[in-house]
Amino acid sequence: MTTEQKNIRKKLQATDQMNRIMTVYFYGLNEAATSGNKKVAWCTSVGPAELLRAMGFAVHFPENHAAMLGATRMSTDMIPAANAIGYSPDICSYLTADIGAYLKGITPLSKAYKGIESIPKPDVLVYNTNQCRDVQDWFAWYAREFSVPIIGITSPKNINEVSSAHIDDVTRQIEALVPTLELISGHKLDMDRLRETVSLSRQCTELWKEVLETATATPAPLTFFDGTIHMGPAVVLRGTPEAVEYYQVLLAELKQRIAEGVGAVEDESLRIYWDGMPVWGRLRQHSDLFAGLKANVLASTYCSSWIFQAFDAQDPFRSMAKAYLELFIVRSDAYKEKYIKEMLAKFRIDGIIYHDAKTCPCNSNNRYGMPQRLEAETGIPALVISGDLNDLRCVSDEQTKTNVEAFIEQLEEGK
Amino acid sequence: MPKQLFVGLDMGASRTKVAVIDQDGQLIGHAVKKSGIDFSATAAACLDASLEMAGATRADIVNAVSTGYGRANVAFVTETSKTEIGCLAKGCYHYFPEAITIIDIGGQDNKIINLDSAGRRSNFKMNRKCAAGTGAFLEEMASRLDISLEEMNGLARQSEEMLKIGSYCTVFSATEVLESIRNGKKVTDIVKGLFYSVIKRVLEMDAITERVVMTGGVVAHNPYIVEMAGEMIGRPIMLPPLPQLTGAVGAALYARDGSWQQTVITAREKS
Ligand code: SF4
């Protein structure tokens with residue numbers, strides 16, 4: 001293996017269209033917050049966005065904002081400001097980066113979108129603890145800061161099988177949000193609009209799933225690193241026609257690549273699965289590192305977490321509840337293992353990498369013996385790398401590089 | 001006619017090691033120096049010293065492989081690099097061709113590597129981002145105790161009542177050590193406690209198999225650590241002839257076994 005050789009992943013043409021719809025989205029959000037033409041709701045990534053959108057809110061996703069802080073490598077300078085007011089360096093570095101940036105009066109939105117001066121001030125904060133408790137604490141800080149209501153769903157966790165009791169519980173909790181949201185938005189919930197939004201979310205999901213599944217082809221036309229960027233619309237624009245249109249375009253491009261036998265990585269020789277969060281500030285380096293070794297990280301738990309097949313326009317509330325509960329992060333290790341095992345087979349994976357993110361235990365699936373169990377069961381080698389999503393103080397580039405190179409050597413020698 | 005020699009260069013964060021082997025895999029020249037800040041100069045000095053020991057010149061080098069932390073930084077004679085994990089595996093299997101667990105305690109990091117009976121790596125682990133259990137931990141503690149690294153092995157051997165160090169954080173451990181000094185604990189007992197702590201940190205990294213090989217500079221300079229580790233796991237530890245050079249030997253073996261037609265020319269041109 002020569003370390004010199006560089007093999008960069010190919011750019012997707014659809015990126016420009018994605019950038020356009022994201023631009024419109026962020027300006028719209030800014031407009032709502034500054035002109036008051038729409039109420040602004042903040043929502044966790046798998047919170048009840050469909051409901052908020054159907055009720056006419058402009059929806060801001062702080063996790064998306066925090067990921068931008070990470071990807072622009074601003075986060076590590078922001079985190080200490082939140083640490084200093086009592087938010088530990090050991091808790092979610094999305095939270096600490098986002099609150100730190102707010103305290104310092106900084107946002108990557110201003111750099112990316114001229115004229116936007118700050119994050120959109122919320123009229124209401126809506127969380128779902130299906131992913132972790134940190135989101136609730138994160139939103140609670142802003143609720144105090146802006147003196148706005150905070151409401152949400154306290155989700156069951158570590159679920160083996162999603163039962164009707166779980167769904168009943170969360171359905172009732174979503175329904176209970178409606179009166180407060182009606183009061184804040186000033187209008188009644190229109191069930192037809194909710195059905196339509198849920199239907200659009202479902203379409204978005206189906207397309208996003210198809211996009212990710214194009215990576216079952218050999219060579220795979222996309223990488224995990226592309227996925228982390230191109231999932232933007234699935235996160236912040238689900239429930240809108242723009243997201244649906246975008247994924248139609250992206251899917252067509254990927255299908256074209258397959259038809260032409262074009263891989264995202266030149267001479268793909270190893271197929272890797274990524275479990276856990278990306279290291280946002282190292283997307284490029286990691287992408288180059290793997291591509292340079294002719295390894296394609298082509299499937300992941302993370303990108304697949306925005307597939308919600310339960311959405312059903314006929315039964316919006318219950319289907320939303322089911323979708324938010326079926327999520328990988330809400331499930332037990334027994335379920336997660338089964339899921340990953342299926343993914344390894346489906347994408348014909350040679351090796352799996354677990355990212356042990358220092359500040360996000362909920363997305364670090366290596367901590368209860370799973371890599372060892374799955375390796376014993378499937379024979380597919382595993383590697384755990386230590387790092388973090390946003391706090392680069394927890395990332396050792398040299399160790400990551402050596403670990404990854406040694407892992408690829410191991411896979412090559414074992415072939 | 002020139003000799004047919006193969007070079008392995010292991011550019012560690014703390015020490016640079018060079019091994020020169022012949023076609024039979026016999027180690028005929030070697031050198032170890034502090035890596036310092038000029039990696040290329042250190043590498044060149046190590047290479048010259050080992051060639052001299054081998055009674056050879058650069059023209060005798062058929063192929064070379066680099067490994068270690070600085071593997072990509074040193075261009076001379078090497079066209080190819082391998083990770084230190086791969087090289088340690090190759091080097092250890094050369095001496096112990098069976099299913100083994102390799103425990104390497106280096107200056108900056110530790111590694112545990114499991115090999116199957118065919119020498120294939122089944123898994124490996126490197127320590128995480130801290131100094132616990134590494135040579136750096138011992139260096140830090142030696143300076144706190146105002147003793148030299150070289151003295152540690154002898155001191156630990158004289159211990160009668162080992163100090164138990166509870167924390168795995170280097171800073172916390174230093175506090176514990178300082179407190180023990182204040183309480184009049186003997187340096188010998190403290191040093192043995194530090195050795196014990198290093199071994200414990202390493203053993204908790206991964207499960208180990210029946211046959212255990214230890215390598216690395218810390219092991220090479222502190223045979224007592226090896227004895228202690230053997231006692232802790234309840235079976236003797238196997239050591240390659242020069243534990244600190246195992247990675248370099250592995251790199252040299254890769255150089256011998258690789259496809260090197262291309263490199264022959266490059267190496268000669270560069271010499
Ligand atoms: S899941 Fe992890 S990264 Fe996401 S908000 Fe919770 S703690 Fe932060």
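A residue is taken as buried when its relative accessible area is under 20%. By this criterion, 8 of the 11 residues of helix H15 of chain A (residues 316-326) are buried, so the helix is largely enclosed by the rest of the structure. The model examined here is a predicted one. The buried residues of H15(A) begin with A:Pro316 and A:Phe317, and further along the helix they include A:Ser319, A:Met320, A:Ala321, A:Ala323, A:Tyr324 and A:Leu325. What do these buried residues of H15(A) pack against? Their partners in chain A are three helices, H2 (49-54), H8 (164-185) and H9 (191-213), together with strand E3 (124-128).

The setting of this helix is a chain with 18 helices and 8 strands. Of the 415 residues in chain A, 62% are buried. The radius of gyration of chain A is 21 Å, which agrees with the value near 22 Å that a compact globule of 415 residues would have. Along the principal axes, the C-alpha atoms of the chain fill a box of roughly 65 × 45 × 40 Å. Contacts also reach across the sequence: among those between residues at least 6 apart, 79% join residues at least 24 apart. On the outside, chain A exposes about 15,500 Å², and 51% of this area is supplied by carbon and sulfur atoms.

Attention can now turn to the spaces inside. A search of the whole structure finds 5 cavities of 30 Å³ or more. The largest cavity has a volume of about 70 Å³. Its lining is formed by A:Leu212, A:Leu222, A:Thr223, A:Phe224, A:Gly227, A:Leu298, A:Ala299, A:Ser300, A:Cys303, A:Ser304 and A:Phe347. Helix H10 (224-230), strand E6 (295-300) and helix H14 (301-304) of chain A are the elements that each give two or more residues to this lining. Strand E6(A) provides the largest share, with 3 residues. By class, the lining of the largest cavity holds 7 nonpolar and 4 polar residues, and no charged ones.

The second largest cavity has a volume of about 40 Å³. Which residues line the second largest cavity? They are A:Gly276, A:Thr301, A:Tyr302, A:Ser305, A:Phe328, A:Ile329, A:Asn363 and A:Asn365. Here the lining divides into 3 nonpolar and 5 polar residues, again with no charged residue.

Key: Residues numbered from 1 in each chain as written. Chains lettered and ligands numbered in written order. Predicted model: local features only at pLDDT ≥ 70, side-chain atom pairs only at ≥ 80, totals over all residues. Heavy atoms only, no water. 1 Å grid on protein atoms, 1.4 Å probe; cavity = no way out; pocket = protein on both sides within 12 Å on 5 of 7 lines; lining within 4 Å. Points joined across faces, edges and corners; volume = space filled by probe spheres on them. Helix = DSSP H or I, 4+ residues; strand = E, 2+ residues; numbered from the N terminus. Nonpolar A, V, L, I, M, F, W, Y, C, P; charged D, E, K, R; others polar. Rg over C-alpha atoms; globule rule 2.2 N^0.38 Å. Buried < 20%, exposed > 50% of the residue type's maximum accessible area, 1.4 Å probe, protein only. Contact = heavy atoms within 4.5 Å. Areas by Shrake-Rupley, 256 points an atom, 1.4 Å probe, with all protein chains shown as cover.
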